[in-house]
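Reader: I have a structure to study and should like to understand it through questions. May we begin once it is shown?

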Amino acid sequence: QVQLVESGGGLVQAGGSLRLSCAASGNILSITTMGWYRQAPGMQRELVAAISSTGRTDYADSVKGRFTISTDNAKNTVYLQMNSLKSEDTAVYYCNGRQYTDYVPWDYWGQGTQVTVSS
């Protein structure tokens with residue numbers, strides 16, 4: 001089992017910055033990819049950014065150049081630095097950890113943290 005706890009959400013004006021944190025605990029050695037997803041009201045959950053155990057990163061086109069995902073392995077924490085925030089970034093942000101068992105993916109999720117960007 002893996003537990004993920006997010007923090008760092010809040011209210012910010014457009015153009016501002018926030019940093020989200022996700023602390024992982026439990027069987028974290030089984031995790032191959034960590035990521036951030038978001039879900040706005042009435043919308044499907046979407047991938048924002050992901051980082052693999054090899055350090056490869058992927059970003060949604062809508063956040064490229066503005067958001068940065070990183071990890072602190074000593075703290076078992078993954079971060080999402082969000083700059084130049086826009087109103088359309090408003091959503092609940094979820095931390096995700098993925099593991100594979102016999103090539104079958106299994107996802108762990110945090111409880112979510114609200115990010116609200118005022119225009």
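Author: One definition is needed at the outset: a charge sits over a ring if NZ of Lys or CZ of Arg is within 6 Å of the ring centre and within 35 degrees of the ring normal. Please note also that this is a predicted model.

Reader: Over the face of which residue does R45 lie, at 3.7 Å from the ring centre?

Author: The distance to the ring centre must be within 6 Å for a charge to count as sitting over a ring. For R45 the distance here is 3.7 Å, and the residue whose face lies beneath is Y94.

Reader: How far is the charged end of R45 from the centre of the ring of W109?

Author: R45 is placed over the face of Y94. The charged end of R45 also sits over the ring of W109, and its distance from that ring centre is 4.6 Å.

Reader: Why is the pair of Y37 and W109 called edge-to-face?

Author: The count of aromatic pairs comes to 1. The ring centres of Y37 and W109 are 5.0 Å apart, and planes over 60 degrees apart count as edge-to-face. The pair is therefore edge-to-face because its planes stand at 75°.

Reader: How many residues apart in sequence are the parts that this pair ties together?

Author: Y37 belongs to strand β4 (residues 31–39), while W109 belongs to strand β10 (residues 104–109). The pair therefore ties together parts whose separation in sequence is 72 residues.

Reader: Is Y37 buried or exposed?

Author: The cut-off for a buried residue is under 20% relative accessible area. W109, at 34%, is partly exposed. Y37 has a relative accessibility of 17%, so this residue counts as buried.

Reader: Which strands stand at the edges of the open sheet?

Author: The sheet has 4 strands in the order β1-β3-β8-β7, with antiparallel pairing. An edge strand has a single partner, so one side of it is left without a neighbour in the sheet; the strands in this position are β1 (2–7) and β7 (67–72).

Reader: Which residue in β8 stands opposite R19?

Author: Strand β3 (residues 18–26) pairs with strand β8 (residues 77–82) in the antiparallel sense, over 6 bridges. In β8, the residue opposite R19 is Q81.

Reader: Which element gives the most residues to the largest nonpolar core?

Author: This core holds 27 residues, and W36, L80, M82 and Y93 touch the most other members. Elements that give two or more residues include β1, β3, β4 and β8. The greatest contribution is 4 residues, and it comes from β3.

Conventions: Residues are numbered from 1 along each chain as its sequence is written. This is a predicted model: local features need pLDDT of at least 70, side-chain atom pairs count only at pLDDT 80 or more; totals for chains, interfaces and linings use all residues. Side-chain values use heavy atoms; hydrogens and water are left out. Two strands pair if DSSP finds at least two bridges between them. Rings of Phe, Tyr and Trp (its six-membered ring) pair if their centres lie within 6.5 Å; planes under 30 degrees apart count as stacked, over 60 as edge-to-face and the rest as tilted. Buried means under 20% relative accessible area, exposed over 50%, partly exposed in between (1.4 Å probe, protein chains only). A nonpolar core is a set of buried Ala, Val, Leu, Ile, Met, Phe, Trp, Tyr and Cys residues joined through side-chain atoms within 4.5 Å.
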